[in-house]
Structure formats: C-alpha cells, structure tokens
Amino acid sequence: MHDVPFWLWMVFAVTVLVSLAVDLLAHRQAHVIGFREAAAWSGVWVGLAVVFGAVVFLVVGTSAGVEYTTAWLLEKSLSVDNLFVFALIFSYFKVPRAYQHRVLFLGVLGALVFRGVFLAAGVAVVSRFTAVLFVFAAILFYSTYKILKEEEDSFDPGKSIAVRLLRKIVPVRDEYAGPHFFVKEAGKRVATPLLAVVAAIEAADLVFAVDSVPAVLAVSSDAFIVYTSNAFAILGLRALYFMLAGLLDRFHYLSKGLALILSFIAVKLILQASHKMISEDIPEIPSPVSLAVIATILAVSIALSMLRPPRGDVEGPPAGDADPSDQRGPVDDAQREP
C-alpha cells in the first residue's frame with residue numbers, strides 16, 4: 001500500500017467532478033459529435049490522465065506512478081471491448097446519434113460508482129485471501145479463451161437482465177421523445193427507449209467489470225491506484241467511442257492483442273500469488289515490465305491492423321448511426337406478439 005496524502009484524494013475527486021460538469025455543459029445541446037470534436041475531447045481526457053499520473057509520480061513515488069500508468073493503459077486497452085458493445089447497443093435500439101453522448105454520460109456516471117464498489121471489494125478480498133488471485137487468473141484465462149474463440153458477440157441488449165427488469169418496473173414506449181427519458185401518456189409516466197439504452201449500457205459495464213477488476217488488481221492492490229486509473233480510463237470512453245465509431249472493425253488484430261494481454265496478466269497473477277503463498281523464490285513480474293509488455297502488444301496489434309486491413313473492408317456508416325429524425329425504438333419482444 002502506498003502512502004497517499006488525503007489532499008491528493010481530494011484533488012482527484014474535484015478533478016473528476018469539474019471534468020464531468022464541464023463535459024455536461026459543453027454537450028448540453030444534443031448534437032451529432034463528429035470525428036474532430038471527439039478527437040479533441042479524447043486528447044483532453046488522455047492529457048488529464050497523463051497530468052494526474054505525473055502528479056502521482058512526484059507526490060507518491062516512482063513505484064506508484066508506474067503502477068498507475070500501467071493500470072490506466074491496461075484499463076484503456078480493455079475498454080475497447082466496451083466500444084464494440086456500445087456500437088451493438090446503439091444499433092439494436094436505433095439510437096439517434098444526437099442522443100448517444102447523453103446516454104454514455106449517464107453510463108459513465110454509473111460505471112464510476114459500480115467500479116468503485118467492485119474495486120473496493122476486490123482490494124479487501126485480495127488483502128485477506130491471497131488465494132483468490134488464482135481464481136482471478138482463471139477468470140482471465142477463460143476470457144482469453146472466449147476472445148480467441150470469438151464468443152464475445154453473444155451479448156443481446158434486448159435480453160439483458162437490466163432491460164427486462166426496467167420493463168417490469170415501468171412501461172417503456174416504442175418511440176423516442178427527443179433526449180427525454182420519461183414522458184407522460186394518458187396521465188401516466190412512461191419511459192422512452194433511451195432509458196432502456198442506459199440500462200443496457202450499465203449492464204454491459206457490469207459484465208466487463210468481471211475482466212477489468214481482476215486485471216487491474218494484478219497491477220496493484222492499492223485502492224487509490226486502481227480506482228483513479230479506472231476512473232480516468234472510463235472518463236475518456238465516450239470521446240474514444242465517437243472518434244473510432246465506424247472504424248472499430250478495421251482494428252481486427254486488437255482482439256487478439258487483448259487476449260494476449262489478459263493471458264499475460266493471468267500469468268502475472270499466478271506468479272504473484274505463488275510468490276506469497278508457496279515460495280518467495282518464485283519471481284514476480286515487476287510493474288515496469290508489465291507496462292512495457294502491455295504497451296508493446298497494443299502498439300503491435302494496432303500497427304498490424306493498419307498494415308493488414310481485413311479482407312473485404314468496405315467503408316460504411318458508423319455503427320449505431322441512426323438518423324436523428326428516426327424516433328422509433330425497438331419494440332419489446334412481448335409487444336411484437338399478437
């Protein structure tokens with residue numbers, strides 16, 4: 001555990017709150033976010049994460065700084081899977097592009113809360129039961145297997161537990177009503193499909209937390225490091241999505257790179273647990289080595305994807321590129337039946 005001063009926690013909290021407020025004000029009017037705007041915002045979020053990392057280096061120390069950078073880069077790489085699911089959800093629900101940022105903004109707020117809970121629980125469990133690291137390693141190996149077997153595309157937004165639960169709690173109409181999540185019909189308050197999209201986004205993040213939490217805990221068991229790195233990676237998800245929307249399929253080697261990263265982290269977990277439980281002679285993988293391996297795999301995966309484009313690559317509209325004038329959402333399966 002690192003000796004993190006309380007004021008640095010406060011700086012982090014204020015930075016996140018101010019950043020969210022500025023982002024919300026900048027996008028208070030629903031509009032289609034183009035590549036240039038998304039790239040600019042992505043640069044802002046990356047720059048913010050890098051500056052905060054520099055502060056961690058200076059205040060907490062080199063070891064903490066390397067762990068933060070490694071954890072942030074790891075979470076950033078794993079978040080690419082989230083982007084594919086975002087595209088799938090937006091396409092399924094036919095979400096107009098002008099409203100997608102509003103949905104992702106609420107999704108980020110939920111992710112910050114849920115990741116905080118999961119990471120706090122993970123840190124507490126790891127600190128008491130080192131053997132759980134073997135379980136985390138098994139989870140990551142299984143995730144690697146699913147990626148290599150291309151079993152990641154089985155997510156059905158309409159059948160997620162969160163969406164089904166929402167439909168049981170409140171009626172969901174078939175058409176969108178602008179950027180609104182609720183409208184009144186016949187004196188009753190009903191939800192729009194936009195609220196169902198938020199529920200699907202949150203459910204997807206909970207699924208991805210199963211991989212993300214064990215992976216980041218392999219880098220550090222310090223609550224400050226794991227949460228701040230996750231938070232800054234999550235904050236940049238929206239801009240990254242809008243910047244890469246429509247280009248995701250071109251990075252076809254990235255999934256293989258993520259599989260390698262997950263398997264590498266799984267090995268790191270096994271060595272870490274074995275060092276503590278079996279023998280101190282068993283070596284651990286230092287954080288600088290982890291950082292170098294992750295960065296190298298990402299760079300090679302992206303370079304190969306650009307040098308060897310997928311066969312039959314055809315230019316097409318961004319995933320989820322629904323026309324803002326199309327206000328129709330998907331009809332519930334139950335409502336389709338006569």
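Y92 is partly exposed, with a relative accessible area of 27%, a class that lies between buried (under 20% relative accessible area) and exposed (over 50%), computed with a 1.4 Å probe on protein chains only. This is a predicted model, in which local features require pLDDT of at least 70 and side-chain atom pairs count only at pLDDT 80 or more, whereas totals for chains, interfaces and linings use all residues. Residues are numbered from 1 along each chain as its sequence is written, and side-chain values use heavy atoms, with hydrogens and water left out.

The ring of Y92 pairs with that of F93, a residue that is buried at a relative accessible area of 1%. Rings of Phe, Tyr and Trp (its six-membered ring) pair if their centres lie within 6.5 Å; planes under 30 degrees apart are stacked, those over 60 edge-to-face and the rest tilted. The centres of Y92 and F93 are 4.9 Å apart and their planes stand at 75 degrees, so this pair is edge-to-face.

In the whole structure, 14 aromatic pairs are found. The pair of F86 and Y241 is likewise edge-to-face, because its planes stand at 75 degrees, with ring centres 6.1 Å apart. F86 belongs to helix α3 (residues 62-92) and Y241 to helix α9 (residues 237-244), so that the pair links parts of the chain 155 residues apart. F86 has 7% relative accessibility and counts as buried; Y241, at 1%, also counts as buried. Elsewhere, ring pairs join W9, F12, F52, Y68, F224, Y227 and F232 into a cluster.

Two members of that cluster, F52 and F232, also take part in a helix contact. Helix α2 (residues 35-59) packs against helix α8 (residues 223-235) at about 160 degrees, with the axes 8 Å apart; axes are lines fitted to C-alpha atoms over the stretch in contact, and angles run from 0 to 180 degrees between N-to-C directions. The two helices are therefore roughly antiparallel, the term for angles over 145 degrees. From α2 the contact (heavy atoms within 4.5 Å) involves W45, L48, A49, F52 and V56, and from α8 F224, I225, T228, F232 and L235. Nine of these residues are nonpolar, one is polar and none is charged, where nonpolar covers Ala, Val, Leu, Ile, Met, Phe, Trp, Tyr, Cys and Pro, charged covers Asp, Glu, Lys and Arg, and polar the others, Gly among them.

Overall, the protein has twelve helices and two strands, which are DSSP runs of H or I (at least four residues) and of E (at least two), numbered from the N terminus. Of its 338 residues, 49% are buried.

Methods: Angles under 35 degrees count as roughly parallel, over 145 as roughly antiparallel, 65 to 115 as roughly perpendicular and the rest as oblique.
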